[in-house]
Amino acid sequence: GSITAMSRDQTLGTFNPEPSDFIRYGLGWDTVTQAGLRAVGVGGWQKGGAIDGAYGPMYRSTMIVSPETGLGVFVAMASNNITSDLVDKVGERVILRALVDSGILGKMPDPLSQDPLPVDGPTAEEKSAFSGFYGTSGGLYRLGFDADDFLRLDSYGDDGWTPLYGVLKKRSDGWYAADDDAITALRLLTASERRYVALRKRSGAGHYASTFLLAQKLDARDAVSKAWRERLATRWLSVNDETLTFYPDLDVDTSLFLTAVDGLPGYLLGDKMVLRDMDPPADDRLDGMFLQIPQTRGRDLVDAAVERREGEDWLRLGSILYRPLSGIPSVSAGT
């Protein structure tokens, strides 16, 4: 019944070109093949949670259970400097130690290590096909190769482009890795006529690696429609952001600009979301849900839409509504 449904991998039979134990949804679970336990031959399920406090600490939690051994652990953290990776690591080490103490495991697993594999450089066709811009939920990347065929990946933020990965050499297994870290690596792949970049990294308690799709290559497109280009000069102010509801004294700028990125015609960024014209273009809507990335990097995608309110155009990104600064009257000095 319900227990069987919890343990069933809901990702089987779906579009999933880079399957990951990190995300194999069960009923109510992030994964029914918990990677840290699977690496030592034990079945397990995991569910995590995360909230970033706007006016205080960050919160992270994880729950790991192993039905076949009758063991489980729940970890919750609150701090100004924690990550989901950290809470996962603590949870895994606790349950692995319990497996050792109960005699199910002979010892704690050794840290994952690997010598660099032989270099097998990319072809000219591969470099041409995969160089360019990549989008993900709330992010934009730029991938390219230098004169020595090293792969580099940059991320886009408020200060422009920042190097994320570099000096990565293509190895005999098809992954691009550096000489001093053979585990952390990128792989380029094509699925359903779309191009993707995948990431492999050391995870959890450190005795295994996780792989998942990082981003999808953006197709070349003509410039965004004139109506949306004219909105690039508009500053939009949030009217229903829950951050200000819960923290009315918070001194943060919740305004929004739609921005264009040099060298990337046909796309705009709104609150770090990659947007493009609808097909066919529409003056009142931009497409933000065109990416098809399984697992976590293709969720939380939203369109941008214009709504007519109080005699002016307002902007909506998902559930957040913005009004133009130009339409807000000035407040005179006073109490």
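The following dialogue reads several features of a predicted model.

Visitor: Which overall quantities describe the protein, starting with its helices and strands?

Guide: The model is a predicted one. The protein contains 6 helices and 19 strands. Along the principal axes, its C-alpha atoms fill a box of roughly 70 × 55 × 40 Å. The protein has 335 residues, of which 43% are buried.

Visitor: How much area does the protein expose, and what share of it do carbon and sulfur atoms supply?

Guide: The exposed area is about 17,700 Å², and carbon and sulfur atoms supply 50% of it. As for contacts between residues at least 6 apart in sequence, 46% of them join residues at least 24 apart.

Visitor: How should one read a pair of aromatic rings?

Guide: Two quantities describe such a pair, namely the distance of the ring centres and the angle of the planes. In this structure there are 7 aromatic pairs. One of them is formed by Tyr156 and Trp161, whose ring centres are 4.9 Å apart. The planes of Tyr156 and Trp161 stand at 65°, so this pair is edge-to-face.

Visitor: Are Tyr156 and Trp161 buried or partly exposed?

Guide: Tyr156 is partly exposed, because its relative accessible area is 30% and buried means under 20%. Trp161 is also partly exposed, with a value of 23%. Ring pairs link these two residues with Phe133 into a cluster.

Visitor: What kind of pair do the rings of Tyr267 and Phe290 form?

Guide: Their centres are 6.0 Å apart and their planes meet at 50°, so the pair is tilted. Tyr267 belongs to strand β14 (residues 267-270), whereas Phe290 lies in the loop between β16 (285-287) and β17 (304-309). The pair therefore ties together parts that are 23 residues apart in sequence. Tyr267 is buried at a relative accessible area of 3%, and Phe290 is buried at 10%.

Visitor: Where does Arg24 lie, and is Arg24 buried or exposed?

Guide: Arg24 is found in the loop between α1 (2-7) and α2 (35-38). Arg24 counts as buried because its relative accessible area is 16%, and the limit for that class is under 20%.

Visitor: With which side chain does Arg24 make a polar contact, and which residues beyond its sequence neighbours does Arg24 contact?

Guide: The side chain of Arg24 is joined to that of Asp21 by a polar contact of 2.9 Å. Leaving aside neighbours within four places in sequence, Arg24 is in contact with several residues, among them Asp9, Leu12, Asp30, Val32 and Arg38.

Visitor: Which residues form a nonpolar patch on the surface?

Guide: The patch consists of Leu86, Val90 and Val94, which together have about 190 Å² of accessible area. Leu86 is placed in helix α3 (residues 84-101). With a relative accessibility of 33%, Leu86 counts as partly exposed. That value allows Leu86 to join the patch, because patch residues need over 30% relative accessible area.

Visitor: Where is Lys107 placed, and with which side chain does the side chain of Lys107 make a polar contact?

Guide: Lys107 is in the loop between α3 and α4 (124-130). Its side chain makes a polar contact of 3.3 Å with the side chain of Asp110.

Visitor: How far apart are Lys107 and Trp29 in sequence and in space?

Guide: Lys107 and Trp29 are separated by 78 residues in sequence and by 28 Å in space, taken from C-alpha to C-alpha.

Methods: Residues are numbered from 1 along each chain as its sequence is written. This is a predicted model: local features need pLDDT of at least 70, side-chain atom pairs count only at pLDDT 80 or more; totals for chains, interfaces and linings use all residues. Side-chain values use heavy atoms; hydrogens and water are left out. Helices (H or I, at least four residues) and strands (E, at least two) are DSSP runs, numbered from the N terminus. Buried means under 20% relative accessible area, exposed over 50%, partly exposed in between (1.4 Å probe, protein chains only). A polar contact is a pair of N or O atoms within 3.5 Å; within protein, one must be able to donate a hydrogen and the other to accept it, and residues adjacent in sequence count only if both atoms are side-chain atoms. Contact means heavy atoms within 4.5 Å. Patches are made of residues with over 30% relative accessible area and no salt bridge: like charges are joined within 9 Å, nonpolar side chains (Val, Leu, Ile, Met, Phe, Trp, Tyr) within 5 Å. Accessible areas come from the Shrake-Rupley method with a 1.4 Å probe; for residues, only the protein chains shown count as cover. A salt bridge is a side-chain nitrogen of Lys or Arg within 4 Å of a carboxyl oxygen of Asp or Glu. Rings of Phe, Tyr and Trp (its six-membered ring) pair if their centres lie within 6.5 Å; planes under 30 degrees apart count as stacked, over 60 as edge-to-face and the rest as tilted.
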